[in-house]
Amino acid sequence: MNLPVIVRNSKIPNIMSLVIDVYAITLWPFVFIRDEGNERTINHETIHIKQYNELFVIGLLLIYLWDWVHGLIKYKNGEKAYYRIRFEQEAYENDKNLNYPLERNKFAWLSYKV
């Protein structure tokens, strides 16, 4: 399993929070966390690393943006659009299961709908 490079006490989430409120963000292969982080957050972001790997980084970024724009048009709400991104749905639904990154099926995010 590819593990992320964790950057704790990072300023990146603060900078990104100028746009939306960000506690942690994955920018392959790094996970930037506002403070020390916790198991659940690291697990959530590790799920994103798996998604990045499946889509060769650029694919995830393009689909992520597509899902967000689609959600924004559909729901007319930026926060709801974020939570309806397929990658986020998979990560939020499974971030409590610390074994999920090891057990997940490839392209599991495809089972979610914006």
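I take helices and strands as DSSP runs, a helix having at least four residues and a strand at least two, numbered from the N terminus. The model I am reading is predicted.

**Entry 1: backbone oddities**

I began with asparagine 9. It sits in the loop between strand E1 (5–7) and H1. Its phi is positive, about 55°, although asparagine 9 is not a glycine. I looked up its exposure as well: asparagine 9 counts as partly exposed, because its relative accessibility is 48%.

Valine 57 also has a positive phi without being a glycine, with a value near 65°. I find valine 57 in the loop between H2 and H3. At 24% relative accessibility, valine 57 counts as partly exposed.

Next I checked the peptide bond from tryptophan 28 to proline 29. It is cis, with omega near 0°. Proline 29 belongs to the loop between E2 and E3.

**Entry 2: the largest pocket**

I looked up the volume of the largest pocket and got about 920 Å³. Its lining draws two or more residues from each of these elements: strand E2 (24–27), helix H2 (39–54), H3, helix H4 (78–83) and helix H5 (86–94). Which element gives the largest share of the lining? H2 does, with seven residues.

In total, 31 residues line the pocket. I sorted them by character: 19 are nonpolar, six polar and six charged. Nearest the centre of the pocket are Ile20, Val22, Tyr64, Tyr82 and Glu88.

I followed up on isoleucine 20. It lies in the loop between helix H1 (12–16) and E2. Its relative accessible area is 48%, so isoleucine 20 is partly exposed. I also took its distance to glycine 78. The two residues are 58 apart in sequence, and their C-alpha atoms are 9.2 Å apart in space.

**Entry 3: salt bridges**

Side chains of opposite charge can pair when their charged atoms come close. I count five salt bridges in the structure, and I wrote up three of the pairs.

Aspartate 21 pairs with arginine 34, with 3.9 Å between the closest N and O atoms. Aspartate 21 is in the loop between H1 and E2, and arginine 34 is in the loop between strand E3 (30–33) and H2, so the bridge ties together parts 13 residues apart in sequence. Is aspartate 21 buried or exposed? It counts as exposed, because its relative accessibility is 72%. Arginine 34 is partly exposed at 30%.

Glutamate 54 makes a salt bridge with arginine 104, the closest N and O atoms lying 2.5 Å apart. Glutamate 54 is in helix H2 and arginine 104 in the segment after helix H6 (100–103), so this pair ties together parts 50 residues apart in sequence. Both glutamate 54 and arginine 104 are buried.

Glutamate 90 meets arginine 104 in a salt bridge too, at 2.7 Å from N to O. This pair links distant parts of the chain, 14 residues apart: glutamate 90 is in helix H5, arginine 104 in the segment after H6. Glutamate 90 is buried, as is arginine 104. I therefore record Glu54, Glu90 and Arg104 as one network, joined by salt bridges that share partners.

**Entry 4: a nonpolar surface patch**

Last, I looked at the surface. Leu65, Trp68, Val69, Leu72 and Ile73 form a nonpolar patch there. Together they have about 430 Å² of accessible area. Leucine 65 is in helix H3 (residues 58–75). I list leucine 65 as exposed because its relative accessibility is 52%, the cut-off being over 50%.

Definitions and conventions
Residues are numbered from 1 along each chain as its sequence is written. This is a predicted model: local features need pLDDT of at least 70, side-chain atom pairs count only at pLDDT 80 or more; totals for chains, interfaces and linings use all residues. Side-chain values use heavy atoms; hydrogens and water are left out. Patches are made of residues with over 30% relative accessible area and no salt bridge: like charges are joined within 9 Å, nonpolar side chains (Val, Leu, Ile, Met, Phe, Trp, Tyr) within 5 Å. Accessible areas come from the Shrake-Rupley method with a 1.4 Å probe; for residues, only the protein chains shown count as cover. A salt bridge is a side-chain nitrogen of Lys or Arg within 4 Å of a carboxyl oxygen of Asp or Glu. Buried means under 20% relative accessible area, exposed over 50%, partly exposed in between (1.4 Å probe, protein chains only). On a 1 Å grid over the protein atoms alone, a cavity is a set of points where a 1.4 Å probe fits but cannot get out, and a pocket is an open set with protein on both sides within 12 Å along at least five of seven lines; lining residues have an atom within 4 Å of a point. Grid points are joined across faces, edges and corners, and a volume is the space filled by probe spheres set on the points. Ala, Val, Leu, Ile, Met, Phe, Trp, Tyr, Cys and Pro count as nonpolar, Asp, Glu, Lys and Arg as charged, and the others, Gly among them, as polar.
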